[in-house]
Amino acid sequence: MHETIIGKDAAEAAMREWLVQRLSGYLGKSAVELDPQVPLAEYGMSSVDALSLCGDLEDELRIYVDPILVWERPTVDELVVHLAALQAGPVGVDD
């Protein structure tokens, strides 16, 4: 179990880094300027940027990403947690 938590943390950290790097290009900000707890709309995230990001996520993660996701999970941290859960797949009742 301990290895699973460490693996999950590492996967989320890698996803966060990838996402921040990608967002920095869309938002015209450096990666260090992006606070993972600030809503992306506050940085000027547009609907076109959100659609493009969802396409990038689908290509990178090989999962379907609903374009509304960026508005439902408006911060980097919220996106990372949600995307990690999507990648993990469905969890059974007994899990």
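In which helix is Asp 56 found? In this predicted model, Asp 56 belongs to helix 2, the element formed by residues 47-61. Before turning to that residue, it helps to set out the overall fold. The protein chain contains four helices and zero strands, and its elements follow the order α-α-α-α from the N terminus on. Among contacts with a separation of 6 or more, 52% join residues 24 or more positions apart. Of the 95 residues in the protein chain, 31% are buried. The surface that the chain exposes comes to about 6,000 Å², with 54% of it supplied by carbon and sulfur atoms.

Back to helix 2 and its acidic residue. Asp 56 has a relative accessible area of 16%, and because this is under the 20% cut-off, Asp 56 counts as buried. Once residues up to four places away in sequence are set aside, Asp 56 touches Trp 18, Arg 22 and Tyr 26. With one of these, Tyr 26, there is a polar contact from side chain to side chain at 2.4 Å.

The next residue to consider is Leu 57, a member of the largest nonpolar core. Apart from its neighbours within four places in sequence, Leu 57 is in contact with Trp 18, Leu 19, Arg 62, Val 65 and Leu 83. The core itself holds 23 residues, and those touching the most other members are Leu 19, Leu 23, Leu 40, Met 45, Leu 57 and Leu 83. Two or more core residues come from each of helix 1 (2-27), helix 2, helix 3 (69-72) and helix 4 (76-88). Helix 1 gives the largest share, six residues. As a general point, nonpolar side chains in soluble globular proteins tend to be buried together.

Helix 4 offers a neat check on geometry. At 1.5 Å a residue, its 13 residues should span 18 Å, and the C-alpha atoms at its ends are indeed 18 Å apart, so expectation and model agree. Which residues of helix 4 are buried? They are Val 76, Leu 79, Val 80, Leu 83 and Ala 84. These residues lie on the same side of helix 4, because the arc they cover around the axis is only 130 degrees. The spacing behind such a pattern is a familiar one: an α-helix has 3.6 residues a turn, so residues three or four places apart point the same way. Leu 83 ties this helix back to the earlier picture, being buried in helix 4 and in contact with Leu 57.

Terms used:
Residues are numbered from 1 along each chain as its sequence is written. This is a predicted model: local features need pLDDT of at least 70, side-chain atom pairs count only at pLDDT 80 or more; totals for chains, interfaces and linings use all residues. Side-chain values use heavy atoms; hydrogens and water are left out. Buried means under 20% relative accessible area, exposed over 50%, partly exposed in between (1.4 Å probe, protein chains only). Contact means heavy atoms within 4.5 Å. Accessible areas come from the Shrake-Rupley method with a 1.4 Å probe; for residues, only the protein chains shown count as cover. A polar contact is a pair of N or O atoms within 3.5 Å; within protein, one must be able to donate a hydrogen and the other to accept it, and residues adjacent in sequence count only if both atoms are side-chain atoms. A nonpolar core is a set of buried Ala, Val, Leu, Ile, Met, Phe, Trp, Tyr and Cys residues joined through side-chain atoms within 4.5 Å. The expected span of a helix is 1.5 Å times one less than its number of residues. The arc is that of the directions from the helix axis to the C-beta atoms.
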